[in-house]
Amino acid sequence: NCAHSDLDTITMVALLHIREWLPNYSFEKDFAFDCISGVTVGMMAIPQSISYASIAGLPAQYGLYSDLQIMYPIFGTSKYLVVGPVAVMSLMARVALERIDGLQEFSPEWIKLACFLSLLVSLLQLGLATLGLGTTISRLFPETVISGFASAAAMIIASTQFPGLLGL
C-alpha cells in the first residue's frame with residue numbers, strides 16, 4: 001500500500017511542472033522578455049483562434065475563449081510551445097458534430113455539444129497524462145501516417161476556405 005501511495009505522489013508531482021520552473025525563474029532577467037513574447041504570441045493567436053472557431057462552426061468569441069491558457073503554466077511541459085486550438089482539432093470537432101442529424105452550426109445546441117466534446121477530450125487527455133500513456137500512444141503511429149493525416153487535413157481546410165476567399 002505504501003508503494004501505491006508513493007506512485008500517486010510521484011505522478012501528481014510530475015504533473016505539476018510549475019514546481020520545476022518557478023523556483024528557478026528570474027523576474028529581473030526573464031519577465032520583460034516574457035511580456036514581449038506574450039504580446040507577440042497574442043497578436044498571432046487572436047486572428048488564428050477566430051479562424052479556428054470558424055472552421056469548427058463556432059462563433060468567433062469561442063475562438064478567443066480558447067486562448068485563455070489558465071492551466072498551462074501549472075501543468076504544461078514546454079516553455080517554447082504555443083498551446084491552443086489548431087486547425088486539425090477544429091476540423092475534427094466540426095466533422096464529429098456534423099454527423100449528428102438536425103444539428104446546425106452556430107446553433108446553441110452545436111455550441112453546447114462542442115463545449116461538451118472539448119470537456120470529454122480534456123478529461124481523456126488528463127487521464128492519459130496521469131497514467132503516463134501520452135508518449136506510449138504517440139509511438140504507435142508511424143511518422144508517415146501523421147504526415148499523411150496532416151497533409152489531408154491541410155487540403156480539406158484550404159478547400160473549405162475558398163468560397164469565403166472568392167466571395168461565393
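Here are questions and answers on a predicted model of one protein chain.

Visitor: How many helices and how many strands are in the protein chain?
Guide: The model is predicted. From the N terminus on, the elements run α-α-α-α-α-α-α-α-α. The count is nine helices and zero strands.

Visitor: What percentage of the residues in the protein chain count as buried?
Guide: Buried means under 20% relative accessible area. The protein chain has 168 residues. The share that counts as buried is 18%.

Visitor: What part of the exposed area of the protein chain do carbon and sulfur atoms supply?
Guide: The protein chain exposes about 12600 Å². Of this area, carbon and sulfur atoms supply 70%.

Visitor: Among contacts between residues at least 6 apart in sequence, what percentage join residues at least 24 apart?
Guide: A contact here means heavy atoms within 4.5 Å. Take the pairs at least 6 apart in sequence. Those joining residues at least 24 apart make up 57%.

Visitor: Which element gives the largest share of the largest nonpolar core?
Guide: This core has eight residues: Ala53, Ala56, Leu58, Leu97, Leu103, Trp110, Ile111 and Ala114. Two elements give two or more residues to the core, α3 (27-56) and α7 (108-130). The largest share is three residues, and it comes from α7.

Visitor: Which residues are included in the second, separate core?
Guide: This core is separate and has six residues. Among them are Tyr52, Ile55, Leu91 and Ala153.

Visitor: Which residues does alanine 53 touch, not counting residues up to four places away in sequence?
Guide: Alanine 53 belongs to the largest nonpolar core. Leu58, another member of that core, is one of its contacts. The full set is Leu58, Pro59, Ala60, Tyr62 and Gly63.

Visitor: Is leucine 126 buried, partly exposed or exposed?
Guide: Leucine 126 is found in helix α7. It joins Ile100, Leu113, Phe116, Leu119, Leu120 and Leu123 in a nonpolar surface patch, with about 620 Å² of accessible area together. Buried needs under 20%, and exposed needs over 50%. The relative accessible area of leucine 126 is 46%, so leucine 126 is partly exposed.

Visitor: Which residue meets arginine 94 in a salt bridge at 3.1 Å?
Guide: Start from helix α6 (residues 87-98), where arginine 94 is found. The partner lies in helix α6 too, four residues apart, about one turn of the helix. The partner is partly exposed, at a relative accessible area of 46%. It is glutamate 98.

Visitor: How many residues apart in sequence are the parts that arginine 94 and glutamate 105 tie together?
Guide: Arginine 94 forms a salt bridge with glutamate 105, the closest N and O atoms being 2.3 Å apart. Arginine 94 lies in helix α6, glutamate 105 in the loop between α6 and α7, so the pair ties together parts that are 11 residues apart.

Visitor: Which residues are linked in a network of salt bridges?
Guide: Side chains of opposite charge can pair when their charged atoms come close. The count of salt bridges is two. One joins arginine 94 to glutamate 98, and one joins arginine 94 to glutamate 105. The network links Arg94, Glu98 and Glu105.

Visitor: How far does the backbone oxygen of serine 54 lie from a polar atom of the side chain of arginine 94?
Guide: Leaving aside neighbours within four places in sequence, arginine 94 is in contact with Ser54, Ile55, Ala56, Gly57, Glu105 and Trp110. For serine 54, the atom in question is the backbone oxygen. The distance to the polar side-chain atom of arginine 94 is 3.3 Å.

Terms used: Residues are numbered from 1 along each chain as its sequence is written. This is a predicted model: local features need pLDDT of at least 70, side-chain atom pairs count only at pLDDT 80 or more; totals for chains, interfaces and linings use all residues. Side-chain values use heavy atoms; hydrogens and water are left out. A polar contact is a pair of N or O atoms within 3.5 Å; within protein, one must be able to donate a hydrogen and the other to accept it, and residues adjacent in sequence count only if both atoms are side-chain atoms. A nonpolar core is a set of buried Ala, Val, Leu, Ile, Met, Phe, Trp, Tyr and Cys residues joined through side-chain atoms within 4.5 Å. Buried means under 20% relative accessible area, exposed over 50%, partly exposed in between (1.4 Å probe, protein chains only). Patches are made of residues with over 30% relative accessible area and no salt bridge: like charges are joined within 9 Å, nonpolar side chains (Val, Leu, Ile, Met, Phe, Trp, Tyr) within 5 Å. Accessible areas come from the Shrake-Rupley method with a 1.4 Å probe; for residues, only the protein chains shown count as cover. A salt bridge is a side-chain nitrogen of Lys or Arg within 4 Å of a carboxyl oxygen of Asp or Glu.
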